[in-house]
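These are my notebook entries on one structure. I set out to look up its loops, buried side chains, cysteines and internal spaces.

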Amino acid sequence: MNNPLLDTAGLPLFDRITPDHVAPAMDQLLADADAALTRVTAADFPADWTAIARTLDVTTERLGMAWGAVSHLNSVADTPELRAAYNAALPRVTEFWTRLGSDERLYAKYKAIAPASLNTEQQQAHKNALRAFVLGGAELHGPAKERYAAIQERLAEITQKFSENTLDATDSFVLFVPEDQLKGVPADVVQATRDAAQKEGQQGCRLTLKMPVYLPVMQFADNAALREQLYKAHVTRASDQAPEESRRFDNTALMQEILALRQEEAQLLGFDNYAQVSVVPKMAESPEKVIGFLRDLAVRARPFAEKDLADLREFAVNALGITGPLNAWDVPYLSEKLKEARYSFSEQEVKQYFTAPKVLAGLFKIIETLFEVNIHPDQAPVWHPAVAFYRIERAGQLIGQFYLDPPARSGKRGGAWMDDVRGRWQRPDTGVLQTPVAHLVCNFAEGVNGQPALLTHDDVITLFHEFGHGLQHMLTQVSERDVSGISGVEWDAVELPSQFMENFCWEWSVLSHMTAHVDTGEPLPRALFDKMLAAKNFQSGLQTLRQIEFSLFDMLVHSEHDPAQDFMPLLQQVRSEVAVMHPPAFNRMAHTFSHIFAGGYAAGYYSYKWAEVLSADAYAAFEETAAADGTPSVETGRLYRQAILESGGSRPALESFKAFRGREPSLDALLRHQGMV
């Protein structure tokens, strides 16, 4: 009982978990889970929902929470020792979950449960469970079942290796440059890179491929040769185009094997391709419907993207005298210059007003006002000093809690995400209502010279996005664990609450409460906000086509592509169809496309655009009911909370949307919000 991974009664003991705890904890928890599975599949065990949950689900939740803590640490605090312990346990954990999901005896128990004996939430969870058994191979037998299990174990191993290669390739790149090469780069970024160099006893500035460094250099550095050097390093990470010393991280072979195994899995389950498997539990009816949606949106966006590109080329010629083709490493720089010229402001100017503490206070204020809750600091063991912990209450009652981990650092994978620690559940073993807990993780720059961290407006949008996911998980009022919060929500609808929250980052009534200049404390001037608003849809056509390019490649590589063939020609074909700007031949974006090769979005990346239709239409309800000064309606917030957030996965997402809007979603709001009308 000294092993912190075995103590799952409360919050994870992150400050006590070490790599040495992983193997013995998994030994115990897997043995307990195996014993529970044996009990519930015995002939004399009743086919009863609550009895199965009390015996099996309670035990597997302990396993899930402990393994979730290990997986989380592997993502945010990677060390060689932890990675080794994680990888050693991964096949055993994967084998158990695969075997559980394909156990025909357990499947028979669930099929024998009478739906009429269940409440509404349990009926939805039961329906989902039966579908999951089918997709999990429960109807396979003999060699097919054995092969299915082997595929799951191998996929778990190589998708993890894909993630490791991506992280290691990113972390391995370090470039020290004299400070005079960073002319044009924001002062706080220069200071941070100078401090990083000094910590290593080096002169000049330390550059990496982490976003808080890479992005501002690409946007602001006047030195084109430096931008080219960083761009090439970034887009060839984990690929055959990387420098010789970094090719040990090449993901090419892993990607081909991942695609081949997914195709084989689909055929074992009776499908033609993996995309067909992927859409079964989603809103979209078929891969063809998704591909049609993407191509239709591409046609609508293309004229706006062509105009964006023409404007950029004209600016390059007239303002900077650049007459040749636009280099990929010049586009972010030129775009920033064009935006500054057109709208008379810069991202650097805006960033001075978005100090992290003030932004967080503003975010909490809109959440508290709109969704009638209170957010307070709380206490819990954490994995890094930068991590904070909070609780959400309504009328003094605990609703949920969350960890917030904002800064980028070595050993932490890139991007931003929300993940669950545990779900809301009326526990069948104790009868106690378990409240949900979430992780909210970002990769922002840290503060310099004792000042608070400064966020770009894009950082602010990212923070709101992840909190949208967190709110769906934490504000749920569903008490059946497998359909509470984000559980059971169709994957192509799960981005609705996250993208919905982004809209508030463009409302003066919200933004005015979350800005304070880092030096003067003055709030964001209204005139500057108006310029930001005017620039909101700057290059929205190009950005839309970029998302469609990623989404269409994802769907086609999982539906029409032969895994035995090189996937790069397919990516080029997609670009030829939808893109108006084409990257250099050495670009290997796909080799770090973690969403689809390691992150659960395989044949599902389209979900961002699909759910954006839902989120834009949902937000239109707030536009229609806002006060004269733009203040969002609390009544509309209450309806949204009840219809969308609180219902979780207890009913189809379309039903929840219709409960809120009174009709099916329309594409009009999305096109209007993005200026493509």
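**Entry 1: loop residues**

In which loop is Asn-449 found? I located Asn-449 in the loop between strand 9 (437–444) and helix 16. I note at the outset that the model is a predicted one. I looked up the backbone of Asn-449 and found a positive phi of about 55 degrees, although the residue is not a glycine. Asn-449 has a relative accessibility of 57%, so I entered it as exposed, a class that begins over 50%.

I then turned to Ser-344, another non-glycine residue with a positive phi, here about 60 degrees. Ser-344 sits in the loop that runs between helix 13 (331–343) and helix 14 (347–351). I recorded Ser-344 as partly exposed because its relative accessibility is 46%.

Gln-352 was my next loop residue, and I placed it between helix 14 and helix 15 (356–371). Is Gln-352 buried or exposed? I entered Gln-352 as buried, because its relative accessible area is 14% and the limit for that class is under 20%. Leaving aside neighbours within four places in sequence, I listed the contacts of Gln-352 as Leu-454, Ala-516, His-517 and Val-518.

**Entry 2: two helix residues**

I looked up His-469 and found it in helix 16, which covers residues 457–474. His-469 has 9% relative accessibility and therefore counts as buried. Which side chain does His-469 join in a polar contact? I found the side chain of Ser-498, at 3.3 Å. With neighbours within four places in sequence set aside, I noted that His-469 is in contact with Met-418, Ile-486, Val-494, Glu-495 and Ser-498.

Leu-614 belongs to helix 23 (residues 607–625). I classed Leu-614 as buried because its relative accessibility is 4%. Beyond its neighbours within four places in sequence, Leu-614 touches Met-283, Ala-493, Leu-496, Phe-657 and Pro-665. I also looked up the separation of Leu-614 from Asn-318, which lies 296 residues away along the chain, and recorded 40 Å between their C-alpha atoms.

**Entry 3: cysteines**

How many disulfides does the model contain? I counted 0. Cys-442 takes part in no disulfide, and I found its nearest cysteine sulfur, that of Cys-505, 12 Å away. A pair of sulfur atoms must lie within 2.5 Å to be counted, so this pair does not qualify. I entered Cys-442 as buried, because its relative accessible area is 1%. Cys-205 is buried as well, since its relative accessibility is 0%.

**Entry 4: cavities**

I searched for enclosed space and counted 3 cavities of 30 Å³ or more. The largest cavity has a volume of about 80 Å³. Which residues line the largest cavity? I listed Gln-472, Val-489, Ala-493, Leu-496, Pro-497, Ile-644, Ser-647, Gly-648, Ala-653 and Ser-656. The elements that contribute two or more residues to this lining are helix 17 (496–502) and helix 25 (653–661). By class, I recorded 6 nonpolar, 4 polar and no charged residues around the largest cavity. I noted that two of its lining residues, Ala-493 and Leu-496, also appear among the contacts of Leu-614.

For the second largest cavity I recorded about 70 Å³ of space. Its lining includes Pro-4, Leu-5, Asp-7, Ile-17, Met-65 and Ala-69. I entered the classes of this lining as 9 nonpolar, 2 polar and 1 charged.

**Entry 5: a pocket**

I closed with the second largest pocket, which holds about 940 Å³ of space. Of the 36 residues that line this pocket, I noted Ala-192, Ala-196, Val-213, Ala-408 and Glu-446 as the closest to its centre. The elements that give two or more residues to the lining are helix 6 (142–172), helix 7 (187–199) and helix 8 (211–220). Which element supplies the largest share of the lining of this pocket? I found that helix 7 does, with 9 residues. I divided the lining of the second largest pocket into 16 nonpolar, 11 polar and 9 charged residues.

Key:
Residues numbered from 1 in each chain as written. Heavy atoms only, no water. 1 Å grid on protein atoms, 1.4 Å probe; cavity = no way out; pocket = protein on both sides within 12 Å on 5 of 7 lines; lining within 4 Å. Points joined across faces, edges and corners; volume = space filled by probe spheres on them. Helix = DSSP H or I, 4+ residues; strand = E, 2+ residues; numbered from the N terminus. Nonpolar A, V, L, I, M, F, W, Y, C, P; charged D, E, K, R; others polar. Buried < 20%, exposed > 50% of the residue type's maximum accessible area, 1.4 Å probe, protein only. Polar contact = N/O pair within 3.5 Å; in protein donor to acceptor, adjacent residues only side chain to side chain. Contact = heavy atoms within 4.5 Å.
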